[in-house]
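Me: Could you give me a close look at one part of this model, and then carry on from there to its surroundings? I would like one connected account.

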Amino acid sequence: MLLRRIITCPHSKRMLCTSSSSSSSSSSSSISNCDFTSAIHELNKEMESVFGEPPGEGLASSASNVHVNNESKMMMSQKIDENSFELTHTGHSGEAQMVDVSPKESSKRTAIAGCKVLLGKKVFNLVSANQMAKGDVLTVAKIAGITAAKQTSSLIPLCHNINLTHVQVDLKLNHDEFSVMIEGEAATTGRTGVEMEAMTAVSVAGLTVYDMCKAASKDIVITDIRLKHKSGGKSGDWSWKQ
């Protein structure tokens with residue numbers, strides 16, 4: 001009798017839950033939990049009357065735990081699905097892919113990126129006085145940044161080859177931090193943005209500053225490479241909030 005009750009009780013209760021599920025999903029879930037808990041409670045009493053003590057971590061309690069764990073996993077899965085997003089450079093099976101931008105509308109797009117190069121007082125004084133052995137640090141870095149923006153698709157594998165309409169790279173000395181502040185802007189009229197072009201420009205400009213100054217110090221730090229602003233495209237305008 002005990003074995004029959006273990007097997008049939010959950011099924012009979014599940015049939016009761018199924019018949020009530022047509023009214024609403026929320027009430028069905030509540031009834032299911034209640035019926036299953038009631039069945040477990042009855043089974044525990046039956047086992048206690050047979051064996052003289054309530055079950056510990058036996059079949060009944062294990063079944064209850066499995067039921068609760070399964071419901072928790074289902075709720076977590078639904079929550080992830082609601083908040084999930086898709087990486088456009090990843091295919092359905094996880095392989096890398098280049099995004100097809102042909103369905104997108106052509107629009108004017110701009111992006112501004114920033115970067116900071118911490119020189120230290122000694123190197124900063126040499127740069128500001130234009131006394132570095134390799135020459136004018138800021139001018140060479142500016143040209144390097146502009147050139148890099150035009151070569152972004154060659155450096156970043158999945159970037160599109162964009163017809164840039166404008167690239168600007170500015171470098172300014174910050175006397176308070178003994179640093180070089182770099183800002184790069186890129187623009188185009190097309191189907192994809194120019195964020196990577198702007199960020200590549202300031203990154204390579206920063207690397208060029210390091211190359212021009214490395215003979216004087218190895219403690220130079222390139223930091224705070226980030227997108228500061230973008231406009232155009234489906235996502236519209238965006239600005240970094242400090």
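Me: The part I have in mind is helix H4: which residues of helix H4 are buried, and what covers them?

Reply: Happy to; I will start with the helix and then move to the turns and spaces around it. This is a predicted model, so please keep its limits in mind: local features need pLDDT of at least 70, side-chain atom pairs count only at pLDDT 80 or more, and totals for chains, interfaces and linings use all residues. Residues are numbered from 1 along each chain as its sequence is written, and side-chain values use heavy atoms, with hydrogens and water left out.

Helix H4 spans residues 121-128 (helices are DSSP runs of H or I with at least four residues, strands are E runs of at least two, and both are numbered from the N terminus). Its buried residues are Val123, Phe124 and Val127 (buried means under 20% relative accessible area, exposed over 50% and partly exposed in between, with a 1.4 Å probe and protein chains only). These residues lie on the same side of H4, because they cover an arc of only 100° around the axis (the arc is taken from the directions from the helix axis to the C-beta atoms). Lys121 and Lys122, on the other side of H4, are exposed. The cover over the buried residues includes helix H5 (137-150), strand E2, strand E3 (179-190) and helix H7 (195-213). After H4 comes Asn130, with a positive phi near 55°.

One residue of E2 ties in here. Asn174 belongs to strand E2 (residues 164-174), and it touches Phe124, Ser179 and Met181, leaving aside residues up to four places away in sequence (contact means heavy atoms within 4.5 Å). The side chain of Asn174 also reaches the backbone nitrogen of Asp176, at 3.0 Å.

Follow the chain into the loop between E2 and E3 and you meet Phe178. Phe178 is not a glycine, yet its phi is positive, near 55°. With a relative accessible area of 28%, Phe178 is partly exposed. Asp224, in strand E4, is another non-glycine residue with a positive phi, about 55°. Asp224 counts as partly exposed because its relative accessible area is 31%. As background, most residues other than glycine have a negative phi.

Now for the spaces. The largest pocket has a volume of about 610 Å³. It is lined by 25 residues, and Lys104, Arg109, Thr192, Gly193 and Glu195 are the closest to its centre. Strand E1, H7 and strand E4 (221-231) each supply at least two residues of this lining. The largest cavity holds about 40 Å³, and its lining consists of Ala149, Lys150, Thr152, Ser153, Asn161, Ile162, Leu164 and Glu197. H5, which also helps cover the buried residues of H4, and helix H6 (152-155) each give at least two residues to the cavity lining.

Both kinds of space are found on a 1 Å grid over the protein atoms alone: in a cavity a 1.4 Å probe fits but cannot get out, a pocket is an open set with protein on both sides within 12 Å along at least five of seven lines, and lining residues have an atom within 4 Å of a point. Points are joined across faces, edges and corners, and a volume is the space filled by probe spheres set on them.

Definitions and conventions. A polar contact is a pair of N or O atoms within 3.5 Å; within protein, one must be able to donate a hydrogen and the other to accept it, and residues adjacent in sequence count only if both atoms are side-chain atoms.
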